[in-house]
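Here are some friendly notes to read alongside the model. Take them one point at a time, and keep the viewer open as you go.

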Amino acid sequence: MTLVRTPSVAGLFYPADAGSLAAEVQAHLRAAAPRDVAAHGDLRGLVVPHAGYVYSGPVAGVAYHVLAPIASSVEQVLLLGPPHRVPVRGLQVTAAQRWSTPVGELTVDAAGRRALVAAAASRGRPDLVGVGDTAHAGEHSLEVQVPFLLATVPEAAVLPVLVGDGDPAVLADLITGWWGDGRLIVVSTDLSHYEPHAAAVRHDERTSRAIVAADASAIGDRDACGARALRVLLTLAERHRATVVELDRRTSADTAGTPDRVVGYGAFAVVP
């Protein structure tokens, strides 16, 4: 029996109608100004926001737009994000075989799931990788990325993983196999939360400098809601002496919200 994870925020964070959703994703991708990261090397990672598309969709479009030149070469995607509702220890991997959306189904990377569980066991820390969908069931941080992934790398096998408590260096050890040709690590995170626009811009500027410097230790929990996942990616980037490029940065006041209480969004690419 195939276990399929059904959408939990369709009609809330993005359109529930297939035609409307496909059109909105394509509109965000088309509106993105071309950003050439090829000069730095092959893409190893992306940092993408995860709010409702009306707010963060334009920034997400910029991030996914850079996949176009390499889309055919991306075979596996490790999708990392924060749990907002159910606490997680270490890494929580979906048990589902497929994730459905209004625009189609995403194939979950079963081989990658086995490899991640084995990596934890081989290091004597099987407790750091759990397999189950309690935390995934109502979580939006990964779900909102799936329509963009289906639009840009539809043939890739994707492993959705929630990142909770844990030493980022140890968690980075577990996912180090996803650093390489044909593989991509996508971190889903927003930046500052509920500050006035001017304050949020200053806050996000400091956070952006830390991200571009691949300085995981400078990313605090209040700097990004997906700080734990972000620290894991930056730890890998620093180990490999990779380059992190800011692609776009805005707040909800720049897209669809008011300036009194905003959320920050950033798009970043990690290249070797």
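Which residue is the bridge partner of Gly45 in strand 9? In strand 9, that partner is Ile185. Before going on, please keep in mind that this is a predicted model, in which local features need pLDDT of at least 70 and side-chain atom pairs count only at pLDDT 80 or more, while totals for chains, interfaces and linings use all residues. Residues are numbered from 1 along each chain as its sequence is written, and side-chain values use heavy atoms, with hydrogens and water left out.

1. Let us stay with strand 9 (residues 183–188). Helices (H or I, at least four residues) and strands (E, at least two) are DSSP runs, numbered from the N terminus. Two strands pair if DSSP finds at least two bridges between them. Strand 9 pairs with strand 2 (residues 45–48) in the parallel sense, over four bridges. Strand 3 (residues 76–81) also runs parallel to strand 9, and five bridges join the two. Within strand 9, Val186 is the residue opposite Leu79.

2. Why is strand 9 described as largely enclosed by the rest of the structure? The reason is that five of its six residues are buried. Buried means under 20% relative accessible area, exposed means over 50%, and partly exposed lies in between (1.4 Å probe, protein chains only).

3. Now look at the nonpolar core. This term stands for a set of buried Ala, Val, Leu, Ile, Met, Phe, Trp, Tyr and Cys residues joined through side-chain atoms within 4.5 Å. The largest one has 87 residues, and Leu46, Leu116 and Ile175 have the most contacts inside it. Helix 7 (residues 227–239) gives the largest share of this core, eight residues. Try selecting Ile175: leaving out residues up to four places away in sequence, Ile175 touches Leu78, Leu80, Leu91, Leu116, Ile185, Val232 and Leu236. Contact here means heavy atoms within 4.5 Å.

4. Is Ser56, in helix 2 (residues 53–65), buried or exposed? Ser56 is buried, with a relative accessible area of 1%. Not counting neighbours within four places in sequence, Ser56 is in contact with Pro49, His50, Ala51 and Tyr265.

5. A second place to visit is an open sheet of three strands, in the order 1-5-6, with mixed pairing. Strand 1 (4–5) and strand 6 (104–107) stand at the edges with a single partner strand each, so one side of each is left without a neighbour in the sheet. Strand 1 and strand 5 (residues 98–101) run parallel and are joined by two bridges. In strand 5, Trp99 is the residue opposite Arg5. Arg5 also lies over the face of Trp99, at 4.5 Å from the ring centre. A charge sits over a ring if NZ of Lys or CZ of Arg is within 6 Å of the ring centre and within 35 degrees of the ring normal. Arg261 lies over the face of Tyr194 too, at 4.3 Å from the ring centre.

6. Which residues does Gly104 touch, not counting residues up to four places away in sequence? They are Trp99 and Leu150. Gly104 is found in strand 6 and is partly exposed, at 26% relative accessibility. The C-alpha atoms of Gly104 and Leu150 are separated by 7.6 Å, although the two residues are 46 residues apart along the chain.

7. Last, the charged pairs. A salt bridge is a side-chain nitrogen of Lys or Arg within 4 Å of a carboxyl oxygen of Asp or Glu. The structure holds 13 salt bridges. One of them joins Asp127 and Arg89 (3.0 Å, N to O). That pair links distant parts of the chain, 38 residues apart: Asp127 is in the loop between helix 3 (110–122) and strand 7 (129–131), and Arg89 is in the loop between strand 3 and strand 4 (91–93). Another salt bridge joins Asp221 and Arg231 (2.9 Å, N to O). Asp221 lies in the loop between helix 6 (197–212) and helix 7, and Arg231 lies in helix 7, so the pair ties together parts that are ten residues apart in sequence. Arg231 is buried, with a relative accessible area of 15%, whereas Asp127 is partly exposed at 38%.
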